[in-house]
Amino acid sequence: MTDQVVKTLTDPSFLIALLVGIAVFATVFTLMPALGGDQLKARMKTVALERDELRSKQRARLANEADRRKGLREEQSIGMRNIVERLDLKRALADEGTLQKLKVAGFRGQNPLTRFLFFRLILPFIGFALAAIYLFLLGGLAQQPAFIKLFVCVLVAYGGFYAPILYVNNRATKRKQSIQLAWPDALDLLLICVESGMSVEAALRKVADEIGAQSVALAEEFVLTNAELSYLQDRKVAYENLASRTGLESVKSVSQALVQAERYGTPVAHALRVLASESRDMRMNAAEKKAAALPPKLTVPMILFFLPVLFAIILGPAGIQVSQRGIFGDQHSSSGQ
């Protein structure tokens, strides 16, 4: 048996057949991935198709919601626009200062102006009606005569007329504070981008992406300025619009520096470095000014709330002892009698 196995293994025809079989198996094993295709590519294609399908569904859903909201908004804006145009409120209640205040507050376009004028028109009537219902029907200020009640109704209507102005001014103030706080950091980032070789447009885009976490308003202004630099013929107008939309002197100085750099070819980095240093100093001075104003502001609360408590703690035990001695003295005198 062993001789037969050895004879078979040493047979040249058997060895040739074995080698041929091994070669065929290796060839098939090597060519199987190529014949079966790229599995990674097929899987990525499947994932891409599924992602595109999900994206299309999401876009369709967002488009439907946007169309629904846009339709409601357009219906409201069309009704407001018709009233404003029929009464010619733009000529009566709006001027360049009104448009500038709306821009500083972050409202752009004609729709915010239309809403502003519409609310200035209807809020006095709503305020007068609510005040009249409260005073004459619900019995408010019952002890006062009718003339005083009518005067209060007129005051409420007057307040409703100026309520949109107060809202716009309040929003503009908050927006300017947000931009002012983030402006030195934005200038530092802009300086780094410009010194690294970026253009002004690319630097503004990069700073807008980074500064959005600190101030959304400033990021929005940088994006708008970048867009205006792309399509306006005169780049000076884009920088001037940035200064007018923010209403800050620090932004205006930077805009003027950028305009001079565009006109005369001076290096932008040097001007930005100086202005960034000045902005940081201004922010530090403002913080020191607030810190210096704390002692006078804390004087009245300390007098009203802290000193009475201190007097009670310090003089309270002495008062208790005096009262106890008085009680004991009365008891001894009564017992002696």
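**Asn170, Asp88 and the α9–α10 pair**

Me: In this predicted model, why is Asn170 called partly exposed?
Reply: Its relative accessibility is 40%. Buried would need under 20% and exposed over 50%, so Asn170 counts as partly exposed. Asn170 sits in helix α7.

Me: What is the C-alpha separation of Asn170 and Ala105?
Reply: It's 8.2 Å, for two residues that are 65 residues apart along the chain.

Me: And Asp88, how do you know whether that one is buried or exposed?
Reply: Neither label fits: the relative accessible area of Asp88 is 35%, and the in-between band starts at 20% and ends at 50%. Therefore Asp88 is partly exposed.

Me: What makes the phi of Asp88 worth a look?
Reply: Most residues other than glycine have a negative phi. Asp88 isn't a glycine, yet has a positive phi of about 55 degrees. You'll find Asp88 in the loop between α3 (39–87) and α4 (89–93).

Me: OK, on to the helix pair. Why is α9 called roughly antiparallel to α10?
Reply: Helix α9 (residues 216–231) and helix α10 (residues 235–246) pack at an angle of about 160 degrees, and their axes are 8 Å apart. Angles over 145 count as roughly antiparallel, so that's what α9 is to α10. As for handedness, the α9 and α10 crossing is right-handed.

Me: Which residues make that contact?
Reply: From α9 it's Glu221, Leu224, Thr225, Glu228 and Leu229; α10 brings Arg235, Ala238, Tyr239, Asn241, Leu242, Arg245 and Thr246. Sorted by class, the contact has five nonpolar, three polar and four charged residues.

Me: How do you know the length of α9 agrees with its residue count?
Reply: At 1.5 Å a residue, its 16 residues should span 22 Å. The end C-alpha atoms of α9 are 23 Å apart, which agrees.

Me: Which residues of α9 are buried?
Reply: Ala217, Leu218, Ala219, Glu221, Phe222, Thr225, Asn226, Glu228 and Leu229. The buried residues of α9 pack against α7 (146–195), α8 (200–211) and α10.

Me: Zooming out, how many helices and strands does the protein chain have?
Reply: There are 13 helices and zero strands, so following the chain from the N terminus you meet α elements the whole way. Of its 337 residues, 23% are buried.

Me: And how much of the contact total comes from residues 24 or more positions apart?
Reply: They account for 61% of the contacts with a separation of 6 or more.

Key: Residues are numbered from 1 along each chain as its sequence is written. This is a predicted model: local features need pLDDT of at least 70, side-chain atom pairs count only at pLDDT 80 or more; totals for chains, interfaces and linings use all residues. Side-chain values use heavy atoms; hydrogens and water are left out. Axes are lines fitted to C-alpha atoms, for helices over the stretch in contact, and angles run from 0 to 180 degrees between N-to-C directions. Helices (H or I, at least four residues) and strands (E, at least two) are DSSP runs, numbered from the N terminus. Angles under 35 degrees count as roughly parallel, over 145 as roughly antiparallel, 65 to 115 as roughly perpendicular and the rest as oblique. A crossing is left-handed if the near helix is turned anticlockwise from the far one by less than a right angle, and right-handed if clockwise. Contact means heavy atoms within 4.5 Å. Ala, Val, Leu, Ile, Met, Phe, Trp, Tyr, Cys and Pro count as nonpolar, Asp, Glu, Lys and Arg as charged, and the others, Gly among them, as polar. The expected span of a helix is 1.5 Å times one less than its number of residues. Buried means under 20% relative accessible area, exposed over 50%, partly exposed in between (1.4 Å probe, protein chains only).
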